[in-house]
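Hi everyone, thanks for making time this morning. I'd like to walk you through one structure, so please have a look at it while I talk.

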Amino acid sequence: SGTYQSTLGHVDVASTGQTFATSGVDIGNSNSYELYFGARMPTQSGTGVFLDPQRVLNAANFALGYPLSPGGFAALLGSGFGFQTVTAPPPYPLSLGGVQVTINGVPAPIYLVSPTLISVVVPNSITGSTATVQVTVTGTKSNSVDVPLAPTAPGVYSWTSNGLGEGIVAHALTAVKVDQANPAKVGEYVTVYLTGLGAVTPPVKEGDPAPLSPLSKANAWLNGPFAVYVEGVPCADINFAGLTPTLGSVYVVNCKIPAVASGLRSLAVQTLEGFTDMVSLYVAGP
């Protein structure tokens with residue numbers, strides 16, 4: 001009890017690499033000293049068509065235990081999904097490479113199928129707090145997996161395709177990639193590519209290409225609360241959040257970079273139901 005004067009923390013990892021513990025001061029409350037621990041999840045495997053219970057994920061941030069959301073992309077990892085890698089343009093089909101996916105019994109549009117990975121769009125009609133996912137390959141069904149479901153579950157895409165590192169962000173006026181050589185400037189608008197913003201107005205069928213006009217705006221943005229943060233500082237203006245025209249079920253957010261120090265800065269998106277802060281972007285002064 002009492003006040004801990006130092007803000008330093010540390011992480012201890014077991015020699016086996018199977019467990020870890022961290023400690024440090026709660027940034028929001030210097031009277032609170034926090035201890036966390038964790039253990040590596042055991043590897044899951046199965047025969048035939050196998051859907052990994054730990055690897056039904058938001059396809060952008062790949063965060064374990066993070067919800068799926070209607071209209072958003074999900075990544076399904078496992079084995080026995082076939083012997084080829086195929087993709088489909090929008091509108092995405094309900095069957096691809098002999099593979100079908102159901103979520104709460106509803107067929108889901110499929111963008112990609114590989115022997116160990118399937119990328120699907122969660123049907124807009126799915127509601128509730130959980131979703132049951134099952135894969136069928138040439139008539140053979142996988143085990144079913146239950147995962148959390150939320151109306152929105154934002155996840156920002158990354159160039160590493162695993163939800164970490166630099167986010168997929170472009171300069172809004174030129175569509176040039178934001179990176180160390182071409183950082184975003186304070187006061188400039190950038191375009192952030194993400195999934196999981198949920199329902200849009202006017203509505204678009206999941207997996208179909210979004211129209212150029214009228215633009216489909218995310219209800220999460222229209223109705224709020226909705227925020228984008230750079231290094232913890234809220235963006236001064238967000239002039240659009242919704243589906244990307246001509247693409248299928250890919251969302252974008254156009255936001256104005258706030259006044260933050262130059263360098264690699266964290267990027268976060270928040271909706272009423274979800275929050276993600278796993279990527280970063282390069283920022284330069286005005």
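Let me begin with a question: how much space lies in the second largest pocket? The answer is about 200 Å³. Please keep in mind throughout that this is a predicted model.

Staying with that second largest pocket, 16 residues line it, and those closest to its centre are P70, N124, G198, A199 and V200. Sorted by class, its lining has eight nonpolar, five polar and three charged residues.

Now for the largest pocket. Its volume is about 350 Å³. Here 17 residues form the lining, with A59, Y111, S119, Y157 and S161 closest to the centre. You'll find no charged residues in that lining, which divides into 13 nonpolar and four polar. Three strands, β5, β9 and β10, each contribute at least two residues to the lining of the largest pocket. Do remember Y111, since I'll come back to it.

Next, the enclosed space. The structure has one cavity of 30 Å³ or more, and the volume of the largest cavity is about 30 Å³. Which residues line the largest cavity? They are N58, P67, L68, S69, G72, F73, V122, A153 and G196. By class that makes five nonpolar and four polar residues, and no charged ones. If you wonder how such spaces are found, rolling a probe the size of a water molecule over the atoms shows where empty space is left.

Two of those cavity residues, N58 and F73, take us to the sheet. In what order do the strands of the open five-stranded sheet run? The order is β4-β5-β10-β9-β6, and the pairing is antiparallel. At the edges are β4 and β6, the latter covering residues 86–87; each has a single partner strand, so one side of each has no neighbour in the sheet.

Let's go across it strand by strand. Strand β4, residues 50–58, is joined to β5 by five bridges, and the two run antiparallel. In that pairing, N58 is opposite A74 of β5. On to β5 and β10, the latter being residues 117–121: five bridges join these two as well, again antiparallel. There, F73 has V121 in β10 as its bridge partner. Over at the β6 side, β6 and β9, which spans residues 110–113, pair antiparallel over two bridges. In this pairing V86 sits opposite V113 of β9.

Why do I call β5 largely enclosed by the rest of the structure? Because five of its seven residues, in the stretch 73–79, are buried.

That brings me to the aromatic rings. Searching the whole structure gives four aromatic pairs. One of them is F73 with Y111, an edge-to-face pair at 6.2 Å centre to centre and 80° between the planes. Since F73 is in strand β5 and Y111 in strand β9, this pair ties together parts 38 residues apart in sequence. Are these two rings' residues buried or exposed? F73 is buried, at 6% relative accessible area, while Y111 is partly exposed, at 33%.

Y111 has another partner, Y92: they too form an edge-to-face pair, 5.6 Å centre to centre with 65° between the planes. Y92 belongs to the loop between β6 and β7 (99–103), and Y111 to strand β9, so here the parts tied together are 19 residues apart in sequence. Y92 is buried, with a relative accessible area of 11%. Put the pairs together and F73, Y92 and Y111 make one aromatic cluster. So that's the return of Y111, one of the residues closest to the centre of the largest pocket.

One last stop, in another strand. L281 is in strand β26, residues 275–284. With a relative accessible area of only 3%, L281 is buried, as the cut-off is under 20%. Which residues is L281 in contact with, beyond its neighbours within four places in sequence? The list is V169, V178, A184, V230, I257, G263, L264, R265, S266 and L267. W221 is 60 residues from L281 along the chain, and their C-alpha atoms are separated by 22 Å.

That's my tour, and thank you for listening. I'm happy to go back to any part of it.

Definitions and conventions: Residues are numbered from 1 along each chain as its sequence is written. This is a predicted model: local features need pLDDT of at least 70, side-chain atom pairs count only at pLDDT 80 or more; totals for chains, interfaces and linings use all residues. Side-chain values use heavy atoms; hydrogens and water are left out. On a 1 Å grid over the protein atoms alone, a cavity is a set of points where a 1.4 Å probe fits but cannot get out, and a pocket is an open set with protein on both sides within 12 Å along at least five of seven lines; lining residues have an atom within 4 Å of a point. Grid points are joined across faces, edges and corners, and a volume is the space filled by probe spheres set on the points. Ala, Val, Leu, Ile, Met, Phe, Trp, Tyr, Cys and Pro count as nonpolar, Asp, Glu, Lys and Arg as charged, and the others, Gly among them, as polar. Buried means under 20% relative accessible area, exposed over 50%, partly exposed in between (1.4 Å probe, protein chains only). Helices (H or I, at least four residues) and strands (E, at least two) are DSSP runs, numbered from the N terminus. Two strands pair if DSSP finds at least two bridges between them. Contact means heavy atoms within 4.5 Å. Rings of Phe, Tyr and Trp (its six-membered ring) pair if their centres lie within 6.5 Å; planes under 30 degrees apart count as stacked, over 60 as edge-to-face and the rest as tilted.
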